[in-house]
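Hi there,

Here is the structure I promised to pass on. Have a look, and then read on for what turned up.

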Amino acid sequence: MKRLCLRELLLETAEAQTLFDDIISSLCESLEILKVINCTKLPFSWLHIGCFINLQTLVISPQVSWLRNQIDCKELDHLDIIKLELAV
(Lines give C-alpha, C1' and ligand atoms only; values in the text may rest on other atoms or scores of the structure.)
Protein backbone atom coordinates (compact mmCIF):
# COMPACT_ATOMS: atom_id res chain seq x y z
CA MET A 1 0.00 0.00 0.00
CA LYS A 2 1.39 3.38 -0.97
CA ARG A 3 -1.42 5.67 0.24
CA LEU A 4 -3.36 5.77 3.49
CA CYS A 5 -6.00 8.25 4.59
CA LEU A 6 -7.34 8.26 8.16
CA ARG A 7 -10.12 10.80 8.45
CA GLU A 8 -12.65 11.69 11.14
CA LEU A 9 -11.94 8.61 13.27
CA LEU A 10 -11.90 10.63 16.51
CA LEU A 11 -10.22 7.83 18.46
CA GLU A 12 -9.26 7.78 22.12
CA THR A 13 -5.52 8.08 22.73
CA ALA A 14 -4.99 4.37 23.52
CA GLU A 15 -6.90 3.34 20.39
CA ALA A 16 -4.87 5.71 18.24
CA GLN A 17 -1.58 4.43 19.65
CA THR A 18 -2.53 0.83 18.82
CA LEU A 19 -3.66 1.81 15.33
CA PHE A 20 -0.47 3.73 14.57
CA ASP A 21 1.70 0.93 15.94
CA ASP A 22 -0.04 -1.51 13.58
CA ILE A 23 0.32 0.85 10.62
CA ILE A 24 4.04 1.26 11.27
CA SER A 25 4.62 -2.47 11.53
CA SER A 26 2.94 -3.17 8.20
CA LEU A 27 3.59 -0.06 6.07
CA CYS A 28 6.87 1.51 7.25
CA GLU A 29 8.67 0.73 3.98
CA SER A 30 5.91 1.13 1.40
CA LEU A 31 3.84 4.16 2.46
CA GLU A 32 4.42 7.27 0.32
CA ILE A 33 1.33 9.38 1.13
CA LEU A 34 -0.21 9.63 4.59
CA LYS A 35 -3.23 11.74 5.52
CA VAL A 36 -4.21 11.90 9.20
CA ILE A 37 -7.19 14.24 9.61
CA ASN A 38 -9.04 14.39 12.95
CA CYS A 39 -7.89 10.91 13.82
CA THR A 40 -8.05 11.51 17.59
CA LYS A 41 -10.47 13.36 19.85
CA LEU A 42 -7.67 15.18 21.67
CA PRO A 43 -4.17 16.30 20.66
CA PHE A 44 -1.99 13.24 20.26
CA SER A 45 1.79 12.88 20.45
CA TRP A 46 2.77 10.61 17.61
CA LEU A 47 6.52 10.04 17.34
CA HIS A 48 6.43 7.36 14.64
CA ILE A 49 6.48 9.59 11.58
CA GLY A 50 10.20 9.09 10.99
CA CYS A 51 9.64 5.33 10.66
CA PHE A 52 8.05 5.78 7.20
CA ILE A 53 11.24 5.68 5.16
CA ASN A 54 9.59 6.41 1.79
CA LEU A 55 7.05 9.00 2.93
CA GLN A 56 6.81 11.87 0.43
CA THR A 57 3.51 13.56 1.31
CA LEU A 58 2.06 14.16 4.76
CA VAL A 59 -1.29 15.84 5.43
CA ILE A 60 -2.21 16.30 9.10
CA SER A 61 -4.76 18.12 11.23
CA PRO A 62 -3.78 20.44 14.11
CA GLN A 63 -4.04 17.62 16.67
CA VAL A 64 -0.70 16.38 15.36
CA SER A 65 0.70 19.67 14.04
CA TRP A 66 3.63 19.41 16.50
CA LEU A 67 4.97 16.86 13.99
CA ARG A 68 6.28 19.63 11.78
CA ASN A 69 9.00 20.13 14.39
CA GLN A 70 9.84 16.42 14.33
CA ILE A 71 10.13 16.01 10.57
CA ASP A 72 13.11 16.67 8.40
CA CYS A 73 11.14 18.58 5.78
CA LYS A 74 13.86 17.97 3.20
CA GLU A 75 12.68 14.34 3.11
CA LEU A 76 9.07 15.33 2.34
CA ASP A 77 7.94 16.66 -0.99
CA HIS A 78 4.72 17.99 0.50
CA LEU A 79 3.48 18.85 4.03
CA ASP A 80 -0.03 20.25 4.69
CA ILE A 81 -1.69 21.09 7.99
CA ILE A 82 -5.46 21.22 7.58
CA LYS A 83 -8.01 22.55 10.08
CA LEU A 84 -11.56 21.28 9.73
CA GLU A 85 -14.64 21.93 11.86
CA LEU A 86 -14.09 18.93 14.12
CA ALA A 87 -10.47 19.80 14.88
CA VAL A 88 -9.64 20.90 18.42
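How much area does the chain expose, and what share of it do carbon and sulfur atoms supply? The exposed area is about 5,300 Å², with 52% supplied by carbon and sulfur atoms (Shrake-Rupley method, 1.4 Å probe; for residues, only the protein chains shown count as cover).

A word on the source: this is a predicted model, where local features need pLDDT of at least 70 and side-chain atom pairs count only at pLDDT 80 or more, while totals for chains, interfaces and linings use all residues. Residues are numbered from 1 along each chain as its sequence is written, and side-chain values use heavy atoms, leaving out hydrogens and water.

The chain has 88 residues, and 38% of them count as buried (under 20% relative accessible area, 1.4 Å probe, protein chains only).

Now the fold. The chain holds one helix and four strands, running β-α-β-β-β from the N terminus (DSSP runs: helices are H or I with at least four residues, strands E with at least two). The four strands make an open, parallel sheet in the order 1-2-3-4, where pairing takes at least two DSSP bridges between two strands. Strand 1 (3-7) and strand 4 (78-81) are the edges, each pairing on one side only.

In the sheet, strand 2 (residues 33-37) pairs with strand 3 (residues 57-60) in the parallel sense over four bridges. Leu34 stands opposite Leu58 of strand 3. Helix 1 (residues 13-27) packs on this sheet and touches strand 1 and strand 2 (contact: heavy atoms within 4.5 Å).

Happy browsing!

Terms used
Buried means under 20% relative accessible area, exposed over 50%, partly exposed in between (1.4 Å probe, protein chains only). Axes are lines fitted to C-alpha atoms, for helices over the stretch in contact, and angles run from 0 to 180 degrees between N-to-C directions.
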